[in-house]
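Here are a few exercises on ring pairs and burial, each with a worked solution. Grab the viewer and follow along.

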Amino acid sequence: MKSGVISVVLLSISLACVSVRADETASLLLSEAAVDGNDLLSDSALAPISHVAEQEACCESTDGGCLGDECVGATDCGYECSESLFSREYLTGDLFGARSGLAEHGVLADIQLTQFYQGVASGGRRRTFLYGGKADYMFTFQGEQLGLNKGFSAILHAESRFGSDINGAAGALSFPNSNMFYPLPGQHETAITGLMFMQALSENFALTAGKYNLLDLWNMIYPNTGRGINGFMNLSMIAPTPIIRTTNLSINGAGAMGLHEGQIQSALMVYDTTNSSTTAGLDDLFDQGAVVLGYGRIFTEWRGLPGSHALLGNWSSRTYTSVDPTSWTVIPGQGVVAAGQQTGSWTISYILDQVVWADCCNDKRDVRLMSQWMIADGDPNPYRWSGNIALQANGLFACREQDSLGIGYFYNELSSDFKSLLNGVVPIRNTQGVELYYNMAWTPWFHVTADLQVLEDANAADDTSVLPGLRANLRF
């Protein structure tokens, strides 16, 4: 295991000369306004934890307003704002201009190493603590700067997985570590899990095709969900859980997107029902059916704060049973003969995303409410409905603007058909859980997260599990 970890770290460092932030990569794909990487990536623009433009990092405020309409400078928080190893945005800085030079030519990248130490302290399937990790290599290519079409972009995401994860030990359908499902659960390998192409036809409309990494795609729409490497770790807190029946880890497909100020506002997509996270997936494309997905979002304001309401629905033409495994997990009851196969499976979801507090002097500091609700067919989908609600705070403490914390609750209702099928073999119950995390930025390029989850998995014979964990994310 140690040699595997060392090799991944060395590989990450060797590629680090072209790394940039993941959230910048997503915004650059969607907005022509962010194409100029010169200013974004130069060392002079990189900021320490407490510093933003014109040193407006701290703000004494009451009821969302600035006291006396005055913002306190970063130096008044007790921080120095000069560039140093511990204040730069990336561990390797600009590497003598190599990073910003490549960005000028349309090549951007995000190289990160995320390590997990997580365990079942009580309850669950078995008590154990396990160590594992992921290296993520995400490259963005901007067409116009590379001599290709204006408005063309491509994102390539490769992942290396090493060590072990706690997903199996925590119990059936509990999903405590979503990021460690990639490239495939329990397998140590490197694979391209996403290769997405986009051609913007205008500021408000784009065409897309390629291989979609589901967590990446969801993170592009809702960046606060974090892909499991920041923010919540449990899949049920990141995305509506019933979608795992129709949508695999990585899927090939194509579609059209409507954009609003660089954000995805609507989408109509068609994608394969087969998982392609470790394969090209083109030889048997649509052999077992297709999934049609529609998404629409309305942007709103509440007390002057931004928010949105969205509907998402999909339908699969594939033939399933409710105990068929998915690329995300093994469904309880393998070996049980289902009453019959069902052709077609659907889900409909509502997503609320609302900022409930924001610092008037620093837009990096806010508190956000998010809630996701999804209903499903119940057969062949093992879920009937699911819901979650979460509060996430960024920069809750005025002088720690890159720290974040979150608390959330989820509930997944398993279908009556699924329960009746398995209750004679495995006692089945609905799943639910609470997750609490605090993500501390030791430096802008090194974050450590303390995470606690309390879960009830699908096996009613398992006691409620308590899962403490640590996550360390290093950006090169």
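**Exercise 1.** Work out whether Y182 and W328 are buried or exposed, then describe how their rings meet.

*Solution.* Start with burial: buried means under 20% relative accessible area, exposed over 50%, partly exposed in between (1.4 Å probe, protein chains only). Y182 and W328 are both buried. Keep in mind that this is a predicted model, where local features need pLDDT of at least 70, side-chain atom pairs count only at pLDDT 80 or more, and totals for chains, interfaces and linings use all residues. Residues are numbered from 1 along each chain as its sequence is written, and side-chain values use heavy atoms, with hydrogens and water left out.

Next, the rings. Phe, Tyr and Trp (its six-membered ring) pair if their centres lie within 6.5 Å; planes under 30 degrees apart are stacked, over 60 edge-to-face, the rest tilted. That rule gives 11 aromatic pairs. Y182 and W328 make one that is edge-to-face, at 5.9 Å centre to centre and 90° between the planes. Finally, Y182 and W328 belong to one aromatic cluster with F175 and F181.

**Exercise 2.** Classify the pair formed by W373 and W385.

*Solution.* The centres are 6.2 Å apart and the planes 20°, so W373 and W385 count as stacked. Then check accessibility: W373 is partly exposed at 40%, and W385 is partly exposed at 29%.

**Exercise 3.** Is S386 buried or exposed, and what is it in contact with?

*Solution.* S386 has a relative accessible area of 3%, so it's buried. Leaving aside neighbours within four places in sequence, its contacts (heavy atoms within 4.5 Å) include P240, W373 and Y411.
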